[in-house]
Amino acid sequence: MTPSPPPASSSAGSAPVGAHAAGARHRKSGLWDKLLENGSVVSIALFFVVVCVVFSVITGAFLSAPNILNIIRQCAPLLIVAAAMTFVITTGGIDLSVGSVLALVATLSATALQAGLPWPVVIVLMLALGAAIGAIHGFFIAYEKIPSFIVTLAGLSIIRGLALLITGGYSIPVDPASTFTLIGRAWFLGVPVPALIALVVLGIAYVVFNRTPFGRYVTGIGANAEAVRRAGIDTRFTTLFVYILSSSAAALAGIIVTARLGSGSSNAGQGFELEVIAAVVLGGTSLFGGRGTIIGTVLGALTVAVIANGLILAHMSPFLTPIVTGTIILIAVWLNFRLFRGAVKGR
């Protein structure tokens, strides 16, 4: 008698089903992990969309093409400096002097142009000045171990004082016919030149931060500087260099602001450092170091610019505007930390 075939094992039949279920759970878990990993960027992106929707409902002119281009042109300096500040804050440091560097460069560039220096020479000299200021800050922070808050706070006062001393508190005009003004006022293919400059800077910052050893060193220093040092990396030079980047970016922002306004003022950039830091932290970069994101910084800077623009279009009192802006930023950052850090801890 021919033996009948053995009955199909239930475990064999259910194995593919179990494997599919496990794979589905793994994919779901992977997606959730991705969201948590990029939670700060997701949250600021959602917040940015909500802010845009609210202001588009409140003011009909908010979504008009001229207003959008105006926002992009005006926030270009903020985007440039915020990108560099991301490197600084990711190392666990801070640079409070960027607004004063902007003002000093604004006054010196206008003064140099009035003295007859060619505008390309002025640009090179101002960028070199910014790099030199950053090197001085970086030396005291990286090699003399003085806290960055103290060093850059002193720099904020000294540099702003030099700008006031040079101008006596007055604005220095720039010849409207000078080619220099095109840096802040020209358009190319329907896009403001300052926005194009900011786009190039952001592209470079993104590649350097995410695709180069230097970007990994910056993150590593913020997370565990001693471990990075023991791996053979010159952490002191890396720290010094991020302050060079920050002050150079502030110098570039000063050039753009001077070219756009057609004058250099020692009062330029007052409170600018707070806007920059708010944009970076709002974008998800940790003030304690070890975590940063250029994409989040871009969204944070655009959010800060949109809030300021929307409140003006809504005819808010200029004295109420900073209060509302600060409150919105504080709530957004608080929600960011509570929602996504709490989710990670609860897993």
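This text leads through a predicted model, from its nonpolar core to its largest pocket, its aromatic pairs and some backbone details.

The interior is a suitable starting point. The largest nonpolar core has 77 residues, and within it Met85, Phe87, Phe180 and Val306 touch the most other members. Helix H4, which spans residues 76-90, gives the most to this core, contributing 12 residues. Phe180 may serve as an example of the surroundings of one core member. Leaving aside residues up to four places away in sequence, Phe180 touches Ser109, Leu113, Trp119, Ile123, Val174, Ile255, Thr258 and Ala259.

Attention may now turn from packed side chains to empty space. Rolling a probe the size of a water molecule over the atoms shows where such space is left. The largest pocket holds about 700 Å³ of space. It is lined by 26 residues, of which Gln74, Leu78, Phe272, Glu275 and Ala308 are the closest to its centre. Two or more lining residues come from each of helix H3 (65-74), H4, helix H11 (235-261), helix H12 (272-282), helix H13 (294-313) and helix H14 (321-346). Helix H4 is thus named both for the core and for the pocket lining. By class, the lining comprises 17 nonpolar, 7 polar and 2 charged residues.

Helix H12 merits a separate look. Of its 11 residues, 9 are buried, so this helix is largely enclosed by the rest of the structure. The buried residues are Phe272, Glu273, Val276, Ile277, Ala278, Ala279, Val280, Val281 and Leu282. Phe272 is therefore a buried residue of H12 that also counts among those closest to the centre of the largest pocket. Just after H12, Gly284 takes a positive phi of about 110 degrees.

The aromatic side chains form a further theme. A pair of aromatic rings is described by the distance of the centres and the angle of the planes. In this model the count comes to 7 aromatic pairs. For Phe139 and Phe140, the ring centres are 5.5 Å apart and the planes stand at 70 degrees; an angle over 60 counts as edge-to-face, so this pair is assigned to that class. Phe139 is partly exposed, with a relative accessible area of 37%, and Phe140 is likewise partly exposed, at 34%. Elsewhere, ring pairs link Phe87, Phe209, Phe214, Phe237 and Phe241 into a cluster. Phe87 has already appeared among the core residues that touch the most other members.

Gly203 illustrates how parts of the chain distant in sequence are placed relative to each other. This glycine is found in helix H9 (residues 193-211) and is partly exposed, with a relative accessibility of 34%. Its C-alpha atom is separated by 9.7 Å from that of Ala83, although the two residues are 120 residues apart along the chain.

The backbone offers two last points of interest. Most residues other than glycine have a negative phi. Leu189, which is not a glycine, nevertheless has a positive phi of about 55 degrees. Leu189 lies in the loop between strand E2 (187-188) and strand E3 (191-192), and its relative accessible area of 74% makes it exposed. His315 is another residue other than glycine with a positive phi, here near 60 degrees. His315 is found in the loop between H13 and H14; because its relative accessibility of 73% is over 50%, His315 counts as exposed. The helices on either side of this loop, H13 and H14, both give residues to the lining of the largest pocket.

Notes: Residues numbered from 1 in each chain as written. Predicted model: local features only at pLDDT ≥ 70, side-chain atom pairs only at ≥ 80, totals over all residues. Heavy atoms only, no water. Core = buried A, V, L, I, M, F, W, Y, C linked by side-chain atoms within 4.5 Å. Buried < 20%, exposed > 50% of the residue type's maximum accessible area, 1.4 Å probe, protein only. Helix = DSSP H or I, 4+ residues; strand = E, 2+ residues; numbered from the N terminus. Contact = heavy atoms within 4.5 Å. 1 Å grid on protein atoms, 1.4 Å probe; cavity = no way out; pocket = protein on both sides within 12 Å on 5 of 7 lines; lining within 4 Å. Points joined across faces, edges and corners; volume = space filled by probe spheres on them. Nonpolar A, V, L, I, M, F, W, Y, C, P; charged D, E, K, R; others polar. Phe/Tyr/Trp six-rings, centres within 6.5 Å; stacked < 30°, edge-to-face > 60°.
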